Amino acid sequence: MTAADAIDGQHMRRVLGHFATGVVAVTGIHADTGAPVGLAANSFTSVSLDPPLVAFCVGKASTSWPLVRQIPRFSINILAEDQEDVCRRLATKGADKFRGLSWDHSPGGAPILAGGLAWIEAELADEHEAGDHTIVVARVRHLEAFDRDPLLFFRGGYGRIATDRAEVRR
């Protein structure tokens, strides 16, 4: 890529920020301490139904992903519209991210955050290096959804769906 072809990172962030995404929290139980660990991500997608696979992206500078990736089963919590504080807490570095958070165990023992839109218990299937991030592909083992609205990330901020739920359901 030549200097004339270079893309300004801030401009790319602004443009891609126009794509509204849901927000997930990837959580697990640390093998040595038994304490919950986790991180927030807004790059999450379904990959395949057969086999059941999902994917999310993690920044290479993440200090939480190396802890979660060692856990045999972790959960991907799809956050509900009233969980912005949960997202912000799990996006921080080094703090006791789970202090004051309510959670239960998935069938494989990973933290399922209370009040979420859905949860997916998964295990690491593959990782792909991609620039300053790692694309994580995970095999789904258990999952469940609830009748709530999603937390959305759009243009650098958090939001919610503004339409009538009856219109969206079909």
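User: In the hairpin of β2 and β3, which residue takes a positive phi near 75 degrees?

Analyst: This is a predicted model. The hairpin of β2 and β3 has six residues between the strands. A positive phi, near 75 degrees, is found in this hairpin at G34.

User: In which sense do strand β2 and strand β3 pair, and over how many bridges?

Analyst: Strand β2 covers residues 24–29, and strand β3 covers residues 36–41. Their pairing is antiparallel, and the number of bridges is six.

User: Which residue in β3 does T27 stand opposite?

Analyst: β2 takes in residues 24–29 and pairs with β3. The residue in β3 that stands opposite T27 is G38.

User: What is the omega of the cis peptide bond that joins D50 and P51?

Analyst: P51 lies in the loop between β4 (44–49) and β5 (52–59). The bond joining D50 to P51 is cis. Its omega is about 5 degrees.

User: Where is R155 found, and what is its phi?

Analyst: R155 sits in the loop that runs between β11 (152–154) and β12 (157–159). R155 is a residue other than glycine, yet its phi is positive. The value is near 50 degrees.

User: Is R155 buried or exposed?

Analyst: The relative accessibility of R155 is 56%. The cut-off for the exposed class is over 50%. R155 therefore counts as exposed.

User: Which residues form a nonpolar patch on the surface together with I7, and what is the accessible area of the patch?

Analyst: I7 is in the segment before α1 (9–16). I7 counts as exposed because its relative accessibility is 58%. The other members of the patch are M12, V15 and L16. Together with I7 they have an accessible area of about 390 Å².

User: How many disulfides does the structure hold?

Analyst: A disulfide is a covalent bond between the sulfur atoms of two cysteines. C57 is in no disulfide, and the nearest cysteine sulfur, that of C87, is 15 Å away. The count of disulfides in the structure is zero.

User: Why does the sulfur of C87 have no bond to that of C57?

Analyst: A disulfide needs two cysteine sulfur atoms within 2.5 Å. For C87, the closest cysteine sulfur is in C57. That sulfur is too far for a bond, because the distance is 15 Å.

User: Which class of accessibility, buried or partly exposed, fits C57, and which fits C87?

Analyst: Buried means under 20% relative accessible area. C87 has 4%, so C87 is buried. C57 has a relative accessibility of 26%, so C57 counts as partly exposed.

How values were computed
Residues numbered from 1 in each chain as written. Predicted model: local features only at pLDDT ≥ 70, side-chain atom pairs only at ≥ 80, totals over all residues. Heavy atoms only, no water. Patch = residues over 30% accessible without salt bridge, like charges linked within 9 Å, V, L, I, M, F, W, Y side chains within 5 Å. Areas by Shrake-Rupley, 256 points an atom, 1.4 Å probe, with all protein chains shown as cover. Salt bridge = Lys/Arg side-chain N within 4 Å of Asp/Glu carboxyl O. Helix = DSSP H or I, 4+ residues; strand = E, 2+ residues; numbered from the N terminus. Buried < 20%, exposed > 50% of the residue type's maximum accessible area, 1.4 Å probe, protein only. Pairing = 2+ DSSP bridges.
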